[in-house]
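Please open the structure in your viewer and keep the sequence panel beside it. The tour below moves from one selection to the next and says what is to be found at each stop.

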Amino acid sequence: MVRLPVAAAAAVVLAATSASAFAPPSSSLLAAVGSRTSSSTTTTTRRMVAELVSDVPSTLASAADALSSTLSSSAATLSSPALLPSSLLSFSDQGQNLAGTFFQASLLPYLAFLYFLSFRGNRTPSLGNFGWQYLLLFVLGTIPSGIVTKGAYGETLANVDWLHGGAEALLTATNVLIVLGFREALTNPACSTSGGSKYGDVPKYVAGTCAALFAVACAFGTKAGFDVHSPFLFGVGNLSEEATLSLPFVMHSEPANALSIPTWAIHFSSVFEFLFAMDIIWKFAEATDNPKWKGLTWGMLPLHASGIAACTYHFFYNPSSLQFLVELQAFLTLLGNTTVAVAAYRIAVSNGWTLRELNPFPKSEVSPEGIAVDEAAAVPYNVVASDESDLQLAAKVIALTVGSSYLIKYGELAFDLPLTENGVAAGAMVFGVPAITGFLYYNRAKEEGGEGFSLPGFGSGGDGGEGLSMADVKKFGVSGTVAYVLTELAFWAVAFPVASTALYRTTGHWPDVINDNADRAAVLAFIFTGANIARLLVPLRLGAALALAPWVDENIINRQGEADEQ
């Protein structure tokens, strides 16, 4: 389990000793070699040898000191959880803190989302479904890029522009695939879940090429001479420093870690494409005659907020004092992955998904339920009229992306705010933009005769079409009540270790809830926050209780009754 950290420590030892302890004893040696002509070579060589010999004791002492300090630091590194193999499998370079915990935890609900979204009865467009799956390449891509930025530069990924932009490009590719797939399902009568795309496999090949190029960049970028602040795509579109300072409104110089125009463009294109994806998926409810798809748009709202949090962090030039933005981004990612998983579950259930689908064995070809799902999956989409062509939509994205990139990169130099590290302003930006987006969809839902915003429910809830309620659990009698109690106990049993781990990732020490009032308060605050978030997932907990009720009835209630009879 420690082979990888040991290898890393060995590399650090070799690099440190070779770079410092065994460096040439005097910088004048190279100057002497470069400045002397061939006629003075003998004199130079003698002087070099004499200096080397005279400095042998000090050189050996330097080597010993360097080796000792490097070994001690490596030992500390090996004992730290930050470089254990499990942490290396975190997202980006945040594995050692609370953000890493949230990012890692967000993977499981996202996998559940992909499973339910891919249910054949949903009629999810093939290219759009591939786009959601492609996001996993972005997740995987942040691992090597985060290791490179930490190992080669000692920096976070956000401050290494050429790798930062490359990683975000995979997210942009994801959003493009989603938009193309769902938009074609709305406008192309020949489109189907199994194929028939007018684009063919070209988008997939392009996306695969992007991933391959990014992998090559991670592997050979540092060897090719890219330094910590080398701009993504060679900074095409950047203004020179002189041109920037000559702008009449500019009051400040850019910090060295400011994002380049290409990297800003990647971020803004991702934001705009995701907004377009939310709109198209909302309209997809009409194409499939299933309003549950609108719930997916609502579920995507926290993910939209996560993207805004990342842009806000870059707006303030990635200061360590605003690290809470990174953790907020990670939490919103976890929340968003959970909400889209819930939304996808509701869509799947409305299209005939049952627990039988979890059976890994081949299903009967004459099953009435299976036949009904297959027939529903073969129903063609309803064509929804579009206000603009693909070319017009692409032009709109490009115009918004380029305009926003220049406006933010150079426009913010006219204000003091980006350099003030103002947490209140940052929080207002993160929550303000998604709040406006949510309000617009709330009004849109009401105008279309819907119910506006409502908490997600599970299942059909009987003839009324409502979600699950406690009444459904009570139908199982004592077994349902016991199952619900068990699910609640499981939540609280998990809450404490999760809260303790979150505090450890934040402060670097495990909580002492017996002797330390501050630790006790912090753990309770984490649990209280988690409990309030869990209120949004009441349908999930009710669903778990319903799923557990038959087992409780058979293995606890009935078994106890048999024991009493005996």
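Begin with helix α20, which gives the most to a nonpolar patch, supplying three residues. Bear in mind from the start that this is a predicted model.

To see the patch itself, select Val485, Leu486, Leu489, Trp551 and Ile556, which lie on the surface and together have about 440 Å² of accessible area. Colouring residues 478–507 and 538–565 then shows the two helices α20 and α22, each of which supplies at least two residues of this patch.

Within the patch, pick out Leu486, whose place is in helix α20. Is Leu486 buried or exposed? Neither word fits, because its relative accessibility is 33%, and Leu486 therefore counts as partly exposed.

Next, select residues 423–447, which make up helix α18; its 25 residues reach 36 Å from the first C-alpha to the last, close to the 36 Å expected at 1.5 Å a residue. Just ahead of the helix, show the side chain of Asn422, which caps the N-terminal end of α18 with a side-chain oxygen that lies 3.0 Å from the backbone nitrogen of Val424. Beyond the other end, look for Gly449, which follows α18 and has a positive phi, near 85°.

While α18 is still selected, highlight its buried residues, among them Ala425, Gly427, Val430, Pro434, Thr437, Tyr441 and Ala445. What covers these buried residues? Showing residues 261–288, 292–299, 301–315 and 323–350 brings up helices α12, α13, α14 and α15, which are included in the cover.

Now move to residues 161–187, helix α9, whose 27 residues should span 39 Å at 1.5 Å a residue; the end C-alpha atoms of α9 are 38 Å apart, which agrees with that expectation. A view of the neighbours around α9 is useful here, since the helix is mostly covered, with 23 of its 27 residues buried.

Finally, clear the selection and look at the whole protein, which has 22 helices and zero strands. Of its 566 residues, 41% count as buried. With the surface displayed, the accessible area of the protein comes to about 29100 Å², and 66% of that belongs to carbon and sulfur atoms. If contacts are drawn instead, consider those with a separation of 6 or more, of which 79% are accounted for by residues 24 or more positions apart.

Notes:
Residues numbered from 1 in each chain as written. Predicted model: local features only at pLDDT ≥ 70, side-chain atom pairs only at ≥ 80, totals over all residues. Heavy atoms only, no water. Patch = residues over 30% accessible without salt bridge, like charges linked within 9 Å, V, L, I, M, F, W, Y side chains within 5 Å. Areas by Shrake-Rupley, 256 points an atom, 1.4 Å probe, with all protein chains shown as cover. Salt bridge = Lys/Arg side-chain N within 4 Å of Asp/Glu carboxyl O. Helix = DSSP H or I, 4+ residues; strand = E, 2+ residues; numbered from the N terminus. Buried < 20%, exposed > 50% of the residue type's maximum accessible area, 1.4 Å probe, protein only. Expected span 1.5 Å × (residues − 1). Contact = heavy atoms within 4.5 Å. Polar contact = N/O pair within 3.5 Å; in protein donor to acceptor, adjacent residues only side chain to side chain.
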